[in-house]
Amino acid sequence: MGVFSERDGSANKMRESGEALSHIMEETRKIIVPGISTDKLDKKIEELIIKNGCVPVLKGYEGFPGSACISVNDQVAHGLPASDHFLDEGDIVKVDISISKDGYFSDMARTFPVGEVVPELHSLIKGAAEVFYAGLEVARPGTPVNIIGKALDEKAGSLGYSTVRDLYGHGIGKVLHELPEIPAFYDEEHNHILREGETIAIEPMINMGGADVIWEDGDDFTVYTEDYSFSAHFENTVLITENGPECLTFLEEEVP
C-alpha cells in the first residue's frame, strides 16, 4: 500500500480528498427525507461529487450502477439505487461514498435516520460511531490491524451489538481498495503492522441481531442481515501519523 508524507505534499493531498468528501456527505445529509427514492438520492450525490471537483469512483466499479451505496434498514452495505425504493419515515439509511480528487481517494460512510426513528435506532446509529472510535484509538504506528478489529468487536459486544465478519475495511490512497484488509474482529491472519504515512478505511458494520449476512439473489451487491435485524455502518479514511491516527473524513458535528 502507499505511504504518504508531509515532505512531498502527498499527505495534504489525502487531506484535501477527505475534506471534499466530508463536505459532500454533509450536503447529502440535508437531502435525506421521507419520500425520496434511493435512485434520486444517488443522482443528487453524483451531482455533489462532480460539483466539488471530484470523481464518483463507485460508478461502474465492478459493475456497480450507482455513485453511492445506499442501504436501508436490514441492508448492511452495497445497496443498489432504485427508482421504486422510497425512504420511509422511521427508516435508517446507510450512505457509503467513495471519491477521488486529483488522483487521491477517500471513503466514508454514515448511517442517518429518516425523519423520526425509534430510540433503539438512535442508539444503534450512535453505537456504530462509538465502535469506530474504539478502533481509531488504537490505530497507531506499530499496531497490527487485527488489534483494531479486536477493539471494534469488543466495543460492539459491550453495547449489545454484533460486528459483521464478512466485510472488511481496507487500505486506501492512490486506489480505492488495497491491502491491508481491516477486519472488525480479531483475526490472527490479519497481522499487517501499521506504519506512519499509511492510510486506511476503518468501517465497522454493526447489527442489532446476529453477525451473519447474506447476499441478495440476482444483484451480487446488496448485503442483508440474515436475521432481518437492522444494521448501522460508520466509516472514515484515516491517516496514520507519528502522533497517532488522523481522521480525514468527518461531519461538522463530529469535530471537537
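Start with helix 3, which gives the most to the lining of the second largest pocket: six residues. Keep in mind that this is a predicted model.

**Stop 1: the second largest pocket**

Stay with helix 3, residues 119–137, and add strand 5, residues 104–113. These are the elements that give two or more residues to the lining of this pocket. The space inside comes to about 280 Å³. Now select Thr111, Ile125, Phe234, Glu253 and Glu254. Of the 17 lining residues, these five are the closest to the pocket's centre. Colour the lining by class. You should find nine nonpolar, two polar and six charged residues.

**Stop 2: helix 3 against helix 4**

Keep helix 3 on screen and add helix 4, residues 145–158. How far apart are the axes of the two helices? They lie 8 Å apart, and the helices pack at an angle of about 150°. The crossing of helix 3 and helix 4 is right-handed.

Show the side chains where they touch. From helix 3, pick Glu130, Val131, Phe132, Ala134 and Gly135. Facing them from helix 4 are Ile148, Ala151, Leu152, Lys155 and Ala156. By class, this contact holds seven nonpolar residues, one polar and two charged.

**Stop 3: the sheet beside helix 3**

Next, select strands 6, 10 and 13. They form an open sheet in the order 6-10-13, with antiparallel pairing. Which strands sit at the edges? Strand 6 (162–163) and strand 13 (231–233) do, each pairing on one side only. Helix 3 packs on this sheet, where it touches strand 10 and strand 13. The direction of helix 3 makes about 45° with that of strand 13.

Zoom in on strand 6 and strand 10, residues 205–207. Two bridges join this antiparallel pair. To see a bridge partnership, select Thr163 and then Ile206 in strand 10.

**Stop 4: another three-stranded sheet**

Move to strands 3, 12 and 11. They make an open sheet in the order 3-12-11, again with antiparallel pairing. Strand 3 (75–77) and strand 11 (213–215) stand at the edges. Each has a single partner strand, so one side of each is left without a neighbour in the sheet. Look along the sheet for its twist: neighbouring strands are turned by 40° against each other on average, direction ignored.

Then pick out strand 11 and strand 12, residues 223–225. They pair in the antiparallel sense over three bridges. Select Trp215, whose bridge partner in strand 12 is Val223.

**Stop 5: helix 1 and helix 2**

Go to helix 1, residues 10–30, and helix 2, residues 38–51. They pack at an angle of about 145°, with axes 10 Å apart. Is the crossing left-handed or right-handed? Helix 1 passes helix 2 in a right-handed crossing.

Show Ile24, Glu27 and Thr28 in helix 1. They meet Leu41, Ile45, Leu48 and Ile49 in helix 2. Five nonpolar residues, one polar and one charged make up this contact.

**Last stop: the largest pocket**

Finish with the largest pocket, which has a volume of about 440 Å³. Select Tyr61, Glu62, His78, Leu167 and His177. Among the 19 lining residues, these lie nearest the centre. How does the lining divide by class? Nine residues are nonpolar, four are polar and six are charged.

Conventions:
Residues numbered from 1 in each chain as written. Predicted model: local features only at pLDDT ≥ 70, side-chain atom pairs only at ≥ 80, totals over all residues. Heavy atoms only, no water. 1 Å grid on protein atoms, 1.4 Å probe; cavity = no way out; pocket = protein on both sides within 12 Å on 5 of 7 lines; lining within 4 Å. Points joined across faces, edges and corners; volume = space filled by probe spheres on them. Nonpolar A, V, L, I, M, F, W, Y, C, P; charged D, E, K, R; others polar. Helix = DSSP H or I, 4+ residues; strand = E, 2+ residues; numbered from the N terminus. Axes fitted to C-alpha atoms, helices over the stretch in contact; angles between N-to-C directions. Left-handed = near helix turned anticlockwise from the far one by under 90°. Contact = heavy atoms within 4.5 Å. Pairing = 2+ DSSP bridges.
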